[in-house]
Amino acid sequence: MAVHRASAPLDARSLFAEYPFLPGAEGLLGSDAVSIRGLLDEPAYARPRAIGAARVLAAADDPRATRDIAELERAGPEERYLSFLFAQIVLAAAPSSAALRRWAVAEAKRTYARLAAVPAEELTEVAGRLGFGAAVVAGDRIELPLVDYLRLSVPIREADFRLSRQEVSGGSVRVGRIRAARLVQEAIRLRLAVPLPLADDVRERVRQQEADLLRRLAERSPAPVARGGPGAAALRPELFPPCIRKMRRMLQAGENLSHAGRFALAAFLHRAGADFETIVDAYRGAPDFDESITRYQVEHITHHDGGAGYTPPECDTLRSHGLCFRDGDPTSDRPADRQRDELCYRPDLRHPLQYYRWRGGRVVVTDDPGPTSRGAGPGTPAGPGRSRSTDRR
Ligand code: SF4
(Lines give C-alpha, C1' and ligand atoms only; values in the text may rest on other atoms or scores of the structure.)
Protein backbone atom coordinates (compact mmCIF):
# COMPACT_ATOMS: atom_id res chain seq x y z
CA MET A 1 0.00 0.00 0.00
CA ALA A 2 1.38 3.38 -0.96
CA VAL A 3 1.76 5.56 2.11
CA HIS A 4 3.80 8.71 1.91
CA ARG A 5 5.20 10.38 4.93
CA ALA A 6 3.47 13.72 5.29
CA SER A 7 5.63 16.70 6.16
CA ALA A 8 3.09 19.34 7.14
CA PRO A 9 0.13 19.16 9.54
CA LEU A 10 -3.13 18.37 7.79
CA ASP A 11 -5.84 20.99 7.48
CA ALA A 12 -9.26 19.93 8.73
CA ARG A 13 -10.55 18.96 5.26
CA SER A 14 -7.61 16.70 4.55
CA LEU A 15 -7.72 15.27 8.07
CA PHE A 16 -11.36 14.25 7.77
CA ALA A 17 -10.82 12.90 4.25
CA GLU A 18 -8.06 10.64 5.54
CA TYR A 19 -9.90 9.76 8.74
CA PRO A 20 -13.64 9.88 7.91
CA PHE A 21 -14.55 8.04 11.11
CA LEU A 22 -13.52 10.99 13.28
CA PRO A 23 -16.27 12.94 15.01
CA GLY A 24 -16.86 16.08 12.98
CA ALA A 25 -16.03 14.55 9.58
CA GLU A 26 -19.62 15.19 8.49
CA GLY A 27 -18.61 18.85 8.43
CA LEU A 28 -16.90 18.09 5.09
CA LEU A 29 -20.32 18.34 3.49
CA GLY A 30 -20.78 21.91 4.71
CA SER A 31 -24.33 23.07 4.26
CA ASP A 32 -25.02 20.33 1.66
CA ALA A 33 -26.49 17.89 4.15
CA VAL A 34 -27.01 14.54 2.46
CA SER A 35 -29.80 12.30 3.64
CA ILE A 36 -29.36 8.55 3.77
CA ARG A 37 -32.08 8.28 1.17
CA GLY A 38 -30.28 10.76 -1.06
CA LEU A 39 -27.00 8.92 -0.72
CA LEU A 40 -28.71 5.66 -1.63
CA ASP A 41 -30.83 6.97 -4.48
CA GLU A 42 -29.54 10.06 -6.18
CA PRO A 43 -27.51 9.76 -9.38
CA ALA A 44 -25.25 12.55 -8.10
CA TYR A 45 -23.88 10.12 -5.50
CA ALA A 46 -23.25 7.19 -7.83
CA ARG A 47 -19.49 7.62 -7.52
CA PRO A 48 -19.33 7.68 -3.70
CA ARG A 49 -21.57 4.59 -3.75
CA ALA A 50 -19.19 2.83 -6.14
CA ILE A 51 -16.17 3.76 -4.01
CA GLY A 52 -18.02 2.68 -0.86
CA ALA A 53 -18.84 -0.69 -2.45
CA ALA A 54 -15.17 -1.07 -3.41
CA ARG A 55 -14.17 -0.38 0.22
CA VAL A 56 -16.57 -3.01 1.50
CA LEU A 57 -15.59 -5.68 -1.02
CA ALA A 58 -11.87 -5.00 -0.60
CA ALA A 59 -12.20 -5.52 3.14
CA ALA A 60 -14.06 -8.80 2.61
CA ASP A 61 -11.34 -10.02 0.23
CA ASP A 62 -8.37 -8.65 2.11
CA PRO A 63 -8.98 -7.92 5.82
CA ARG A 64 -5.28 -7.10 6.21
CA ALA A 65 -5.79 -4.17 3.80
CA THR A 66 -2.56 -4.79 1.95
CA ARG A 67 -3.94 -3.64 -1.40
CA ASP A 68 -4.70 -0.10 -2.49
CA ILE A 69 -8.26 0.78 -3.46
CA ALA A 70 -7.64 2.64 -6.71
CA GLU A 71 -10.96 4.51 -6.67
CA LEU A 72 -10.29 5.74 -3.14
CA GLU A 73 -6.84 7.07 -3.98
CA ARG A 74 -8.37 9.30 -6.67
CA ALA A 75 -11.39 10.50 -4.64
CA GLY A 76 -11.79 13.99 -3.26
CA PRO A 77 -12.51 14.68 0.45
CA GLU A 78 -16.32 14.74 0.12
CA GLU A 79 -16.35 11.57 -1.97
CA ARG A 80 -14.11 9.84 0.52
CA TYR A 81 -16.38 10.74 3.39
CA LEU A 82 -19.56 9.79 1.53
CA SER A 83 -18.08 6.50 0.37
CA PHE A 84 -17.18 5.74 3.97
CA LEU A 85 -20.71 6.60 5.10
CA PHE A 86 -22.22 4.46 2.34
CA ALA A 87 -20.07 1.51 3.42
CA GLN A 88 -21.16 1.96 7.02
CA ILE A 89 -24.84 2.08 6.04
CA VAL A 90 -24.67 -1.03 3.85
CA LEU A 91 -22.79 -2.99 6.49
CA ALA A 92 -25.23 -1.94 9.21
CA ALA A 93 -28.01 -3.40 7.06
CA ALA A 94 -26.19 -6.66 6.27
CA PRO A 95 -27.91 -9.72 7.75
CA SER A 96 -24.69 -10.80 9.46
CA SER A 97 -22.36 -8.58 11.44
CA ALA A 98 -19.31 -10.55 10.29
CA ALA A 99 -18.77 -8.33 7.23
CA LEU A 100 -18.95 -5.17 9.35
CA ARG A 101 -16.36 -6.52 11.74
CA ARG A 102 -14.07 -7.62 8.95
CA TRP A 103 -14.39 -4.18 7.37
CA ALA A 104 -13.59 -2.55 10.72
CA VAL A 105 -10.39 -4.59 10.89
CA ALA A 106 -9.42 -3.70 7.31
CA GLU A 107 -10.15 0.03 7.63
CA ALA A 108 -8.25 0.15 10.91
CA LYS A 109 -5.26 -1.62 9.37
CA ARG A 110 -5.36 0.68 6.34
CA THR A 111 -5.29 3.68 8.67
CA TYR A 112 -2.46 2.13 10.68
CA ALA A 113 -0.31 2.04 7.55
CA ARG A 114 -0.72 5.81 7.30
CA LEU A 115 -0.39 6.55 11.03
CA ALA A 116 2.86 4.61 11.21
CA ALA A 117 4.33 6.94 8.59
CA VAL A 118 3.00 10.39 9.45
CA PRO A 119 4.46 12.83 12.00
CA ALA A 120 3.66 11.99 15.62
CA GLU A 121 1.51 15.14 15.89
CA GLU A 122 -0.95 13.80 13.32
CA LEU A 123 -1.16 10.52 15.19
CA THR A 124 -1.91 12.24 18.51
CA GLU A 125 -4.46 14.48 16.77
CA VAL A 126 -6.34 11.40 15.56
CA ALA A 127 -6.05 9.69 18.95
CA GLY A 128 -7.28 12.83 20.70
CA ARG A 129 -10.30 13.16 18.42
CA LEU A 130 -11.12 9.52 19.18
CA GLY A 131 -11.14 10.35 22.87
CA PHE A 132 -7.69 9.16 23.90
CA GLY A 133 -5.35 11.56 25.62
CA ALA A 134 -2.19 11.00 23.61
CA ALA A 135 0.57 13.61 23.58
CA VAL A 136 3.96 13.85 21.92
CA VAL A 137 6.78 13.97 24.43
CA ALA A 138 10.52 13.77 23.89
CA GLY A 139 11.37 13.08 20.26
CA ASP A 140 8.94 10.67 18.64
CA ARG A 141 7.74 9.22 21.97
CA ILE A 142 4.02 9.37 22.68
CA GLU A 143 2.48 9.40 26.11
CA LEU A 144 -0.95 7.98 26.94
CA PRO A 145 -2.85 7.83 30.22
CA LEU A 146 -2.44 4.39 31.75
CA VAL A 147 -6.16 3.70 31.59
CA ASP A 148 -6.24 4.44 27.83
CA TYR A 149 -3.20 2.27 27.26
CA LEU A 150 -4.88 -0.63 29.02
CA ARG A 151 -8.15 -0.15 27.15
CA LEU A 152 -6.41 -0.33 23.79
CA SER A 153 -3.68 -2.84 24.50
CA VAL A 154 -5.71 -5.61 26.12
CA PRO A 155 -7.08 -7.00 22.82
CA ILE A 156 -3.58 -7.01 21.32
CA ARG A 157 -1.96 -10.34 22.04
CA GLU A 158 1.61 -9.51 21.15
CA ALA A 159 3.91 -9.81 24.15
CA ASP A 160 5.51 -6.43 23.36
CA PHE A 161 2.28 -4.70 24.38
CA ARG A 162 2.20 -6.14 27.90
CA LEU A 163 2.21 -3.40 30.49
CA SER A 164 5.19 -4.97 32.21
CA ARG A 165 7.27 -4.18 29.10
CA GLN A 166 6.27 -0.49 28.91
CA GLU A 167 7.78 2.67 30.28
CA VAL A 168 5.24 3.60 32.94
CA SER A 169 5.53 6.73 35.00
CA GLY A 170 3.09 8.80 37.06
CA GLY A 171 -0.07 7.19 35.64
CA SER A 172 1.11 7.45 32.01
CA VAL A 173 2.68 5.06 29.52
CA ARG A 174 5.28 6.18 26.98
CA VAL A 175 5.53 4.29 23.71
CA GLY A 176 7.21 4.72 20.36
CA ARG A 177 5.32 6.04 17.34
CA ILE A 178 4.78 2.63 15.73
CA ARG A 179 3.38 1.14 18.91
CA ALA A 180 1.15 4.17 19.36
CA ALA A 181 -0.11 3.73 15.78
CA ARG A 182 -1.00 0.13 16.56
CA LEU A 183 -2.94 1.27 19.64
CA VAL A 184 -4.86 3.83 17.59
CA GLN A 185 -5.58 1.10 15.05
CA GLU A 186 -7.31 -0.76 17.84
CA ALA A 187 -9.31 2.34 18.80
CA ILE A 188 -10.49 2.68 15.18
CA ARG A 189 -11.43 -0.97 14.94
CA LEU A 190 -13.51 -0.74 18.10
CA ARG A 191 -15.27 2.37 16.81
CA LEU A 192 -16.05 0.97 13.36
CA ALA A 193 -17.23 -2.42 14.60
CA VAL A 194 -20.31 -0.76 16.12
CA PRO A 195 -23.09 -0.74 13.51
CA LEU A 196 -24.82 2.53 12.61
CA PRO A 197 -28.27 2.53 14.17
CA LEU A 198 -30.72 2.24 11.26
CA ALA A 199 -34.50 2.43 11.47
CA ASP A 200 -36.23 -0.76 10.32
CA ASP A 201 -37.62 0.82 7.16
CA VAL A 202 -34.19 2.19 6.21
CA ARG A 203 -32.58 -1.20 6.79
CA GLU A 204 -35.15 -2.85 4.55
CA ARG A 205 -34.66 -0.22 1.88
CA VAL A 206 -30.87 -0.71 1.93
CA ARG A 207 -31.29 -4.46 1.73
CA GLN A 208 -33.52 -4.12 -1.33
CA GLN A 209 -31.48 -1.51 -3.14
CA GLU A 210 -28.10 -3.00 -2.36
CA ALA A 211 -29.16 -6.63 -2.69
CA ASP A 212 -26.49 -7.27 -5.30
CA LEU A 213 -23.69 -5.85 -3.15
CA LEU A 214 -24.93 -7.78 -0.10
CA ARG A 215 -25.08 -10.97 -2.15
CA ARG A 216 -21.49 -10.44 -3.33
CA LEU A 217 -20.46 -9.85 0.28
CA ALA A 218 -22.18 -13.04 1.43
CA GLU A 219 -20.37 -14.97 -1.31
CA ARG A 220 -17.09 -13.71 0.11
CA SER A 221 -17.95 -15.12 3.54
CA PRO A 222 -18.42 -18.73 2.55
CA ALA A 223 -20.17 -21.14 4.85
CA PRO A 224 -17.90 -23.59 6.66
CA VAL A 225 -16.86 -26.41 4.37
CA ALA A 226 -16.28 -30.01 5.33
CA ARG A 227 -13.19 -31.72 4.00
CA GLY A 228 -13.53 -34.69 1.70
CA GLY A 229 -11.96 -38.09 1.98
CA PRO A 230 -12.80 -41.16 4.03
CA GLY A 231 -15.29 -40.54 6.83
CA ALA A 232 -16.25 -37.13 5.41
CA ALA A 233 -19.32 -35.62 7.03
CA ALA A 234 -21.32 -32.45 6.55
CA LEU A 235 -20.30 -29.70 8.92
CA ARG A 236 -23.25 -28.57 11.09
CA PRO A 237 -22.27 -25.27 12.82
CA GLU A 238 -25.81 -24.88 14.11
CA LEU A 239 -25.20 -27.98 16.26
CA PHE A 240 -21.91 -26.78 17.73
CA PRO A 241 -21.87 -26.41 21.55
CA PRO A 242 -22.22 -22.95 23.13
CA CYS A 243 -18.47 -22.68 23.85
CA ILE A 244 -17.47 -23.25 20.22
CA ARG A 245 -20.23 -20.98 18.90
CA LYS A 246 -19.02 -18.24 21.23
CA MET A 247 -15.38 -18.64 20.15
CA ARG A 248 -16.40 -18.31 16.51
CA ARG A 249 -18.49 -15.23 17.25
CA MET A 250 -15.63 -13.62 19.16
CA LEU A 251 -13.28 -14.01 16.23
CA GLN A 252 -15.88 -12.85 13.73
CA ALA A 253 -16.40 -9.83 15.93
CA GLY A 254 -12.71 -9.02 15.86
CA GLU A 255 -12.41 -9.74 19.57
CA ASN A 256 -9.43 -11.26 21.22
CA LEU A 257 -9.65 -14.97 21.89
CA SER A 258 -7.14 -16.50 24.28
CA HIS A 259 -4.54 -18.99 23.15
CA ALA A 260 -6.54 -21.75 24.87
CA GLY A 261 -9.66 -20.74 22.94
CA ARG A 262 -7.87 -20.56 19.60
CA PHE A 263 -6.39 -23.97 20.11
CA ALA A 264 -9.71 -25.50 21.22
CA LEU A 265 -11.54 -24.04 18.22
CA ALA A 266 -9.05 -25.30 15.62
CA ALA A 267 -8.87 -28.75 17.22
CA PHE A 268 -12.68 -28.96 17.44
CA LEU A 269 -13.26 -27.86 13.85
CA HIS A 270 -10.70 -30.36 12.62
CA ARG A 271 -12.30 -33.22 14.55
CA ALA A 272 -15.73 -32.14 13.31
CA GLY A 273 -14.42 -32.50 9.75
CA ALA A 274 -13.86 -28.87 8.67
CA ASP A 275 -11.44 -28.42 5.82
CA PHE A 276 -8.18 -26.58 6.31
CA GLU A 277 -9.30 -23.32 4.66
CA THR A 278 -12.45 -23.21 6.77
CA ILE A 279 -10.37 -23.47 9.93
CA VAL A 280 -8.00 -20.71 8.79
CA ASP A 281 -11.01 -18.57 7.79
CA ALA A 282 -12.37 -18.83 11.33
CA TYR A 283 -9.48 -16.63 12.50
CA ARG A 284 -9.64 -13.93 9.83
CA GLY A 285 -11.55 -11.50 12.01
CA ALA A 286 -9.01 -11.72 14.86
CA PRO A 287 -7.48 -8.33 15.62
CA ASP A 288 -3.98 -9.75 15.18
CA PHE A 289 -4.76 -12.05 12.25
CA ASP A 290 -1.69 -13.01 10.29
CA GLU A 291 -2.25 -15.38 7.40
CA SER A 292 1.09 -17.16 7.47
CA ILE A 293 1.24 -17.57 11.25
CA THR A 294 -2.35 -18.81 11.36
CA ARG A 295 -1.69 -21.33 8.60
CA TYR A 296 1.38 -22.58 10.39
CA GLN A 297 -0.49 -22.95 13.68
CA VAL A 298 -3.53 -24.62 12.14
CA GLU A 299 -1.23 -26.97 10.27
CA HIS A 300 0.53 -27.82 13.50
CA ILE A 301 -2.74 -28.60 15.26
CA THR A 302 -4.42 -30.50 12.43
CA HIS A 303 -1.44 -32.40 11.00
CA HIS A 304 -0.42 -33.73 14.36
CA ASP A 305 -0.11 -37.48 14.65
CA GLY A 306 -0.56 -38.30 11.01
CA GLY A 307 -3.52 -35.99 10.50
CA ALA A 308 -5.56 -37.07 13.52
CA GLY A 309 -4.78 -33.71 15.06
CA TYR A 310 -4.87 -32.78 18.72
CA THR A 311 -8.01 -33.61 20.63
CA PRO A 312 -9.81 -30.47 21.80
CA PRO A 313 -9.86 -29.83 25.56
CA GLU A 314 -12.59 -31.30 27.73
CA CYS A 315 -15.38 -29.25 29.28
CA ASP A 316 -13.63 -29.04 32.66
CA THR A 317 -10.55 -27.60 31.01
CA LEU A 318 -12.53 -25.09 28.97
CA ARG A 319 -14.39 -24.06 32.10
CA SER A 320 -11.14 -23.46 33.94
CA HIS A 321 -10.11 -21.12 31.11
CA GLY A 322 -13.41 -19.22 31.29
CA LEU A 323 -14.46 -20.60 27.90
CA CYS A 324 -17.58 -22.55 28.88
CA PHE A 325 -20.78 -20.72 27.92
CA ARG A 326 -23.41 -23.20 29.02
CA ASP A 327 -25.19 -20.46 31.00
CA GLY A 328 -25.69 -18.45 27.81
CA ASP A 329 -23.95 -15.46 26.28
CA PRO A 330 -25.81 -12.25 27.15
CA THR A 331 -23.88 -10.32 24.47
CA SER A 332 -25.15 -12.42 21.57
CA ASP A 333 -27.82 -10.98 19.28
CA ARG A 334 -29.31 -14.47 18.81
CA PRO A 335 -31.83 -15.45 21.50
CA ALA A 336 -30.72 -19.11 21.25
CA ASP A 337 -27.18 -18.12 22.25
CA ARG A 338 -28.37 -16.12 25.24
CA GLN A 339 -30.15 -19.06 26.85
CA ARG A 340 -28.78 -21.60 29.27
CA ASP A 341 -28.10 -24.87 27.45
CA GLU A 342 -29.63 -27.81 29.26
CA LEU A 343 -27.66 -30.41 27.31
CA CYS A 344 -24.47 -28.92 28.73
CA TYR A 345 -25.78 -29.61 32.23
CA ARG A 346 -26.13 -33.35 31.72
CA PRO A 347 -23.81 -34.90 34.28
CA ASP A 348 -22.37 -37.31 31.72
CA LEU A 349 -21.33 -34.57 29.30
CA ARG A 350 -17.59 -34.18 29.44
CA HIS A 351 -16.56 -32.95 26.03
CA PRO A 352 -17.68 -30.46 23.33
CA LEU A 353 -17.39 -33.17 20.67
CA GLN A 354 -19.70 -35.35 22.74
CA TYR A 355 -22.24 -32.50 22.69
CA TYR A 356 -21.90 -32.22 18.92
CA ARG A 357 -22.52 -35.93 18.48
CA TRP A 358 -25.48 -35.93 20.83
CA ARG A 359 -27.10 -33.22 18.75
CA GLY A 360 -26.64 -35.18 15.54
CA GLY A 361 -23.32 -33.85 14.25
CA ARG A 362 -20.74 -36.33 13.02
CA VAL A 363 -17.26 -36.34 14.41
CA VAL A 364 -14.62 -37.54 12.00
CA VAL A 365 -13.41 -40.83 13.40
CA THR A 366 -9.73 -41.58 13.37
CA ASP A 367 -7.87 -44.70 14.39
CA ASP A 368 -5.62 -42.75 16.69
CA PRO A 369 -7.06 -39.52 18.02
CA GLY A 370 -3.70 -38.28 19.28
CA PRO A 371 -3.09 -36.86 22.69
CA THR A 372 -5.96 -35.35 24.58
CA SER A 373 -5.20 -31.79 25.50
CA ARG A 374 -6.13 -30.80 28.99
CA GLY A 375 -3.92 -27.77 28.72
CA ALA A 376 -3.93 -24.60 26.73
CA GLY A 377 -2.45 -25.82 23.50
CA PRO A 378 0.01 -27.90 21.61
CA GLY A 379 2.86 -29.13 23.67
CA THR A 380 0.85 -29.41 26.85
CA PRO A 381 0.87 -32.79 28.60
CA ALA A 382 -1.51 -35.37 27.24
CA GLY A 383 -4.60 -36.11 29.26
CA PRO A 384 -6.09 -39.50 29.98
CA GLY A 385 -5.70 -41.68 26.92
CA ARG A 386 -8.69 -42.57 24.82
CA SER A 387 -8.21 -45.26 22.28
CA ARG A 388 -11.08 -44.13 20.08
CA SER A 389 -12.15 -40.88 21.59
CA THR A 390 -14.55 -39.98 18.83
CA ASP A 391 -16.65 -43.06 19.60
CA ARG A 392 -17.42 -41.59 22.96
CA ARG A 393 -17.54 -37.93 22.02
S1 SF4 B 1 -20.52 -27.65 29.03
FE2 SF4 B 1 -18.89 -28.27 27.64
S3 SF4 B 1 -19.82 -28.27 25.63
FE4 SF4 B 1 -21.16 -27.08 26.95
S5 SF4 B 1 -20.48 -24.95 26.70
FE6 SF4 B 1 -19.41 -25.80 28.46
S7 SF4 B 1 -17.47 -26.51 27.64
FE8 SF4 B 1 -18.86 -26.29 25.91
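Is helix H13 mostly covered or mostly uncovered? Select residues 259–271: the helix is mostly covered, with twelve of its 13 residues buried. Buried here means that 20 or more other C-beta atoms lie within 10 Å of the residue's own, exposed means 12 or fewer, and partly exposed lies in between, with C-beta atoms placed from the backbone.

The model is predicted; local features need pLDDT of at least 70, side-chain atom pairs count only at pLDDT 80 or more, and totals for chains, interfaces and linings use all residues. Residues are numbered from 1 along each chain as its sequence is written.

Stay on H13. Among its buried residues are Phe263, Leu265, Phe268 and Leu269, along with Arg262, His270 and Arg271. The end C-alpha atoms of H13 are 18 Å apart, which agrees with the 18 Å expected because each residue adds 1.5 Å; the expected span is 1.5 Å times one less than the number of residues. After the helix, pick glycine 273, whose phi is positive, near 100°.

Next, select strand S4, residues 172–175. Helices (H or I, at least four residues) and strands (E, at least two) are DSSP runs, numbered from the N terminus. Val173 and Val175 form the covered face of S4, while Ser172 and Arg174 form the uncovered one.

Add S2, residues 142–145, which pairs with S4 in the antiparallel sense over four bridges; two strands pair if DSSP finds at least two bridges between them. Leucine 144 has valine 173 of S4 as its bridge partner.

Then add S3, residues 167–169, antiparallel to S4 over three bridges. Glutamate 167 stands opposite arginine 174. Finish at the hairpin of S3 and S4, where two residues lie between the strands and glycine 170 takes a positive phi near 55°.
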